[in-house]
Amino acid sequence: MDFSLTEDHRLVQKIAREFAEREVAPHIKENDEKGFFDRRILDGLGELGLLGICFPEKYGGMGLDYISLAIASEELERVETSLRVILSVHTGLCGLGLFQWGTEEQKVKHLTPLAQGKRIGAFGLTEPNAGSDVAALEMTAVRDGSHYVLNGEKTWISLADVADTFLVFAYTNKAAKHAGISAFIVQRDFPGFSSSAIHGKLGIRAGNTGSFVLQDCRVPAANLVGREGEGFKIAMSCLDNGRFTVAAGATGLIQACIDASVKYANQRQTFGVPIAQHQLVQRLVAHMVRDVEACRLLVYRAGWLKNRGERNTRETALAKWYATCASFEAASNAIQIHGAYGYSNEYPVERYLRNSKGAVIYEGSREILEIMIGSYALGLRQDKPVNPPLPGWPDPGKEAD
Ligand SMILES: Cc1cc2nc3c(=O)[nH]c(=O)nc-3n(C[C@H](O)[C@H](O)[C@H](O)COP(=O)(O)OP(=O)(O)OC[C@H]3O[C@@H](n4cnc5c(N)ncnc54)[C@H](O)[C@@H]3O)c2cc1C
């Protein structure tokens, strides 16, 4: 076992941290208050190569491993959750989905501009009447000659109003339930595509979340990802990657809670001493430290499995479940340490609490992940290797069987 970071890992940590602190931190309070999504952040992440961090160089990526993806996610969310969300949906859910399931032609045409940051990717699974229950999807895709015609609505989609390339899930055969769902690459410029932003969110206000409608949207048959009926399997494997970045990001949010709490606890005085000297305050910080360390280990283990190209659904779900719940608790306790001041936006901890709640809901709610972990433990669920095999590292370009 080797817990040390490589030179590449340290470089990613430095690049992501400096970018977040220099370009995002100074404006985040204002952008969060105004609900303003700063598109320049996409350009910045793209220029640094972070949007294509774990894709092979032959597809325009940096060719780094999954631990690098985790480190970047942690560092970005340490400053602001909406920044990490970009990496989760663009790189984790959309890009890695295309990388694993796309044909060579699809990878060259659609993954490469995503990895280069020239186009932005999003993931369209959730609908007004289908969240946790994916089989309740209503979007349909009907074959018509060389195209499929897609109709339906997706909602609560991160980057819906700014992305160019969408990995979209629709029924090609509703009667077959899960086995009747298929995956498609849909582009914003296809006729019949329209999107809108959701306002009034609790958190991630500086991020873009929205809905999109496909109305008689003609999608070339060449944009079918995998085979007809493989959409559910594809969506779940994408979630294995998205959840990994969410777990790593939540770890960064806990670290941000520690940083803010330690600073404040050493400044604020009660009863003639800094509150850092009160043991009940020390306990709150100790819980955060316990969790940040545990989360990193869970995330790195999942990343290690990913690097080896091994199935990691259980380990990633466990990391995501634990880290998101722990980050919500850490943010709540960080406010507690800040007292009344933490209850206002004078300090960032109230934003941490609002931002942390989303991740307890999206990409597998707390309850869905609890059911998964319980099912594994009770022998009710077992994973098989997937086909095509998971793209491991350092051989991420290996071809499907
Ligand atoms: C900020 C944000 C960004 C998002 N981004 C995306 C995105 O990019 N792409 C995308 O496709 N989706 C996205 N989503 C949607 C997200 O994935 C869904 O909200 C999530 O899957 C839960 O679905 P739901 O909201 O419909 O809740 P529901 O599925 O209706 O669940 C409601 C409640 O019931 C519980 N529940 C449901 N079923 C069970 C059960 N069997 N047992 C016990 N409890 C249960 C849930 O845990 C939850 O607490 C995003 C959501 C948010 C908030």
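**Salt bridges and a ligand shell**

Guide: Let's start with Arg84, which forms a salt bridge with Glu77, their closest N and O atoms being 2.6 Å apart. Keep in mind that this is a predicted model.

Visitor: Why is the pair of Arg84 and Glu77 called a salt bridge?

Guide: The rule asks for a side-chain nitrogen of Lys or Arg within 4 Å of a carboxyl oxygen of Asp or Glu. Arg84 and Glu77 have N and O atoms 2.6 Å apart, so the pair passes. As background, side chains of opposite charge can pair when their charged atoms come close.

Visitor: Are Arg84 and Glu77 buried or exposed, and how do you know?

Guide: Buried means under 20% relative accessible area. Arg84 has 0% and Glu77 has 4%, so both count as buried.

Visitor: How many salt bridges does the rule give?

Guide: The count comes to 23. One of them joins Glu74 and Arg296, with the closest N and O atoms 2.7 Å apart.

Visitor: What makes the pair of Glu74 and Arg296 a link between distant parts of the chain?

Guide: Glu74 sits in helix 3 (residues 66-79) and Arg296 in helix 7 (residues 279-307), and the two are 222 residues apart. Glu74 itself is buried, because its relative accessible area of 8% is under the 20% cut-off.

Visitor: What about Asp383 and Arg381: why do they still count as a salt bridge?

Guide: Their N to O distance is 3.9 Å, and that is within 4 Å, so the rule accepts the pair.

Visitor: Why are Asp383 and Arg381 called partly exposed?

Guide: That label covers values between the 20% cut-off for buried and the 50% cut-off for exposed. Asp383 has 27% and Arg381 has 30%, so the label fits both. Elsewhere, salt bridges that share partners join Arg17, Glu75, Arg78 and Asp259 into one network.

Visitor: Now the ligand. What makes the contact with Ser365 a polar one?

Guide: A polar contact needs N or O atoms within 3.5 Å. A polar side-chain atom of Ser365 is 2.6 Å from an oxygen atom of the ligand, so it qualifies. Thr126 brings a polar side-chain atom to 2.7 Å from a ligand nitrogen. The protein covers 63% of the 980 Å² of accessible area that the ligand has on its own.

Visitor: How do you know where the ligand lies relative to domain 2 and domain 3?

Guide: Domain 2 (122-229) and domain 3 (232-377) both give residues to its shell, so the ligand lies between them. That shell divides into ten nonpolar, five polar and two charged residues.

Note on methods
Residues numbered from 1 in each chain as written. Predicted model: local features only at pLDDT ≥ 70, side-chain atom pairs only at ≥ 80, totals over all residues. Heavy atoms only, no water. Helix = DSSP H or I, 4+ residues; strand = E, 2+ residues; numbered from the N terminus. Buried < 20%, exposed > 50% of the residue type's maximum accessible area, 1.4 Å probe, protein only. Polar contact = N/O pair within 3.5 Å; in protein donor to acceptor, adjacent residues only side chain to side chain. Areas by Shrake-Rupley, 256 points an atom, 1.4 Å probe, with all protein chains shown as cover. Nonpolar A, V, L, I, M, F, W, Y, C, P; charged D, E, K, R; others polar. Domains from an automatic or database assignment.
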